[in-house]
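Today I went through the salt bridges of this model and noted, for each pair I looked up, how far its partners are shielded from solvent.

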Amino acid sequence: VASDEDEDGPGELEPEPSESSEQPSSNSEDDGEVVSGFRPEGGPRPALSASSEPRGPAAEKAPPVKHICLLIHGIGGHDAWITKNIKVLGESMSFVTENWFWHVDMSYHLEMISWKPALRSQQVALFQRITPFSGTNDTRTGLNTSLGDVIYYMTTHHRRTILEAVAQLCNETVDRLRRDPSGRFAESRISLVTHSLGSVICYDMLTGWSVKNLGLDPEKCKFTFEVDHFFLMGSPLAAFLTIVDEEFVDNPETKLEMPAGIECYNIFHPQDPVAFRLEPLLFPASHKDIAIPEILPHWVNNGLRPAKQWMASYEQAKTKVVREVSAFASGLWKTFSTDPEEDPSKVQWRERLRAEFAAQERQHSAEESTALPPSNEDTVLRPEVRLDYVLQERMSEGMIESYGTLQAHFCYWASRDVAFFILKRLSKAEVTISKTQYEENLLQQERLECREASLEAEVVNPWVPWDEAGALAMMGRR
């Protein structure tokens, strides 16, 4: 069982250096990696779409795939990042599947959609022209082009390029999988797993926001397939809408409309500086008392992390101690006589005790009010379908705020908690026990059965000692 400080995912992976700056110009298959991409007018296909599934003859013997997950990245999107992200997410989902969904008929396929190459050459040329020093600086260039993604999306012309790139990539990928000779993807359901700016792009396409507000071509900026699930990780969508959408700017009573008929989940780390809640936008701005986000279960125990459990136990113990001390103080006060002619020192001591314990009660109540959500459930607004889901911090992230903030926005791909949540939503399975716990329970049950069998044998022959290992071997259950 992993401790609270164990890594959520398979760990940090070194980015794989690209052998060439040139991107493939056509679809090809090599060692399980699929290359495809957005093709500008008359240009090559520069974008990379990496697959987690085996291809070729091995795929023809595999069972049908129930779910296709299209992974849409955010700002940046360099090939090394894409390779790393799909690898760590695939490893996390595989690990969680083996440990929690071992009894569920669960099959999925991951495809990373990279739209960045549609802009990369133009962005590099633009920023090299205005960079205030000569020479090449890969870090500076990377940061500039990443920031450029946000700036580009805020302009109509470049947003059109991004939306058309994502639409073409996703549609071609799904069409390619549907036409796969093995037929494994013919009935697969489609889910979007998006990160950062990628969630804004997909929301735009699912709702037709830019088509309605900016007059973009609806045929080039839409998906040609149905979407079942829409996962938003580290999403700035709420900030984008409240700043850019005139309805939210001019009318505080405007409510958020999510894509119809699609299950949406807004997942965020509590220290992610780019991620924002969506549920407050479901209600008019005058409503302030919104239910706190749902907590994503920890993959180890399908509940709270050990640190969270300890804090909850600590708060409960603290509350109990304060109440018991207050009860003791009340009993102590009653022991003093209320006779007007009593000793003045007793009166002074009683008043001092009353003041001290009253101050302690007020301090404890104040701490509870700041640490816990409002207790009046009648005034708390809770949407019919929850959207906001918050990751649980690791102990190191809670203790060192700067560390949590720096890595929070990029933690989702490797998080086993996120993988666990995605698999639960895709499978619709109510997982209650892990494979490890199941095997431990099974072994304990076998030990009890062996012990019962030994006790029965002792009745017949009390001189034969009980041998648990031998009994297990005889039962064929070792």
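I began with glutamate 111, whose relative accessible area in this predicted model comes to 0%, so I entered it as buried. Its side chain meets that of arginine 176 in a salt bridge, with 3.4 Å from N to O. I then checked where the two residues sit: glutamate 111 belongs to strand E4 (residues 108–113) and arginine 176 to helix H5 (residues 156–178), so that the pair links distant parts of the chain, 65 residues apart. Arginine 176 has a relative accessibility of 14%, and because the limit for buried is under 20%, I entered arginine 176 as buried too.

Next I looked up aspartate 149 and lysine 116, whose side chains form a salt bridge at 3.3 Å, N to O. Aspartate 149 is in helix H4 (residues 138–153), while lysine 116 is in the loop between E4 and helix H3 (117–130), so this contact ties together parts lying 33 residues apart in sequence. For aspartate 149 I noted a relative accessible area of 0%, which is buried, and for lysine 116 a relative accessibility of 0%, again buried.

I also took down the pair of lysine 222 and glutamate 219, where the closest N and O atoms of the salt bridge are 3.4 Å apart. Here lysine 222 counts as partly exposed at 34% relative accessibility, and glutamate 219 counts as exposed at 57%.

Last, I recorded one network, in which salt bridges with shared partners join Arg277, Glu279, Glu294, Arg386 and Asp388. For the structure as a whole I wrote down 13 salt bridges.

Notes: Residues numbered from 1 in each chain as written. Predicted model: local features only at pLDDT ≥ 70, side-chain atom pairs only at ≥ 80, totals over all residues. Heavy atoms only, no water. Salt bridge = Lys/Arg side-chain N within 4 Å of Asp/Glu carboxyl O. Helix = DSSP H or I, 4+ residues; strand = E, 2+ residues; numbered from the N terminus. Buried < 20%, exposed > 50% of the residue type's maximum accessible area, 1.4 Å probe, protein only.
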